[in-house]
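Visitor: I would love a close look at the nonpolar interior of this protein. Please give me enough of the surroundings to place it, and a word on the loops.

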Amino acid sequence: MIRVANYNRLSVERATDNGVYLTDGEGNEVLLPNRYVPKECRAGDEMEVFVYTDSEDRPVATTERPKIVEGGIAALQAVGFNNHGVFLDWGLPKDLFVPKRNQQAPMIVGEWYVATLYVDRVTGRAVGSSKLNRIINNDAISVRPKEEVDILVAVRKSKGFRVVINERHWGMLYDNQIFTEVKLGMRMKAYVRKIAEDGRIDVSLQQEGFDQVKVAADEILRMIDEAGGVLAVGDRSEPEAVRMATGMSKKIFKRAVGYLMSHGMVENGGTWVKRSAKADATKKP
């Protein structure tokens, strides 16, 4: 069976002027257009392809990787509209259509939205929906403070980003917890900072407590080594300079450097940090 809006492992059946037909071995075929056909392609070769429907609702295969598959969740940008709905960019030549009836609120071209995808039983087409209350909610929280989670950066807010946690809950990543590049649609690792009584969840991109310091210390050592032994920021550097150089807050950076100094691993000159003579002497050749 060939499944639309999913990846399929198929075999090359036959070549035509328009491309090659792939089969599932059960008599079902789908066209892989010439622009996606590998140079060395022979009958019987197996390949993984994504299958969707073209403008005439015919199944077609591609080796491109979309941003979402059936049943998945992604943050997608609205790129067009007609009288019946809005089109989202999901990474394929044909945009993903979201009918008006599937929009939680009217969608606006240029904005980003969290959407899911399903296959319409009548047309066989991949269809999007932003009605996610049954999928994403904070009714029964399944995470706990300090837990590592996966987040999807979903919506820009005035003080940070609204994110989807483990594809199950809504959360907030505030600007004062961001020390690296964050963009809409990104998937990242994060840590639960706080869970409020009303179910609101705050996350951070960095661990808190001693574990966070240890991770930051290891990262600082790596950056020092990559920089040739000296990192051009120290405990007297401006917070923005520290953030740009390390992706860390000034507070965490100072704690991590202090930890490394206490173990004789680095020296701190105020505006620079370098490997200590003791550490250099004990490093393996």
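Guide: First, a term we will need: helices and strands are DSSP runs, of at least four residues for a helix and at least two for a strand, numbered from the N terminus. Please keep in mind that this is a predicted model.

Let's begin with the surroundings. Four helices and 18 strands make up the protein chain. Its C-alpha atoms fill a box of roughly 70 × 50 × 30 Å along the principal axes. The radius of gyration is 25 Å, whereas a compact globule of 285 residues would be near 19 Å. Some 43% of the 285 residues count as buried. Among contacts with a separation of 6 or more, 53% join residues 24 or more positions apart.

Now to the interior itself. The largest nonpolar core holds 32 residues, and Leu22, Leu32, Val49, Leu88 and Trp90 have the most contacts inside it. Strand E4, which covers residues 46–53, gives the most to this core, with five residues. Val49 makes a good place to pause. Leaving aside residues up to four places away in sequence, Val49 touches Asn6, Tyr7, Asn8, Leu10, Leu22, Leu32, Ala61, Thr62 and Thr63. Two of these neighbours, Leu22 and Leu32, are also in the list of residues with the most contacts inside the core. Apart from this core lies another, of 19 residues, including Val242, Met248, Tyr259 and Val266.

Following the chain on from E4 brings us to the loop between E4 and strand E5 (59–62), where Asp57 is found. Asp57 is not a glycine, yet its phi is positive, near 60°. Asp57 has 32% relative accessibility, so it counts as partly exposed, the class between under 20% and over 50%.

A second loop is worth a stop. Lys146 lies between strand E10 (126–129) and strand E11 (148–157). Lys146 also has a positive phi, about 75°, without being a glycine. Its relative accessible area is 67%, and Lys146 is therefore exposed, as the cut-off is over 50%.

Let's finish on the outside. The protein chain exposes about 16100 Å², and carbon and sulfur atoms supply 48% of that area. The chain carries 42 positive and 39 negative charges, and the mean positions of the two sets are 6 Å apart.

How values were computed. Residues are numbered from 1 along each chain as its sequence is written. This is a predicted model: local features need pLDDT of at least 70, side-chain atom pairs count only at pLDDT 80 or more; totals for chains, interfaces and linings use all residues. Side-chain values use heavy atoms; hydrogens and water are left out. The radius of gyration is taken over C-alpha atoms; the globule rule is 2.2 Å times the number of residues to the power 0.38. Buried means under 20% relative accessible area, exposed over 50%, partly exposed in between (1.4 Å probe, protein chains only). Contact means heavy atoms within 4.5 Å. Accessible areas come from the Shrake-Rupley method with a 1.4 Å probe; for residues, only the protein chains shown count as cover. Lys and Arg count as positive and Asp and Glu as negative; His and the chain ends are not counted. The place of a charge is taken as NZ of Lys, CZ of Arg, CG of Asp or CD of Glu. A nonpolar core is a set of buried Ala, Val, Leu, Ile, Met, Phe, Trp, Tyr and Cys residues joined through side-chain atoms within 4.5 Å.
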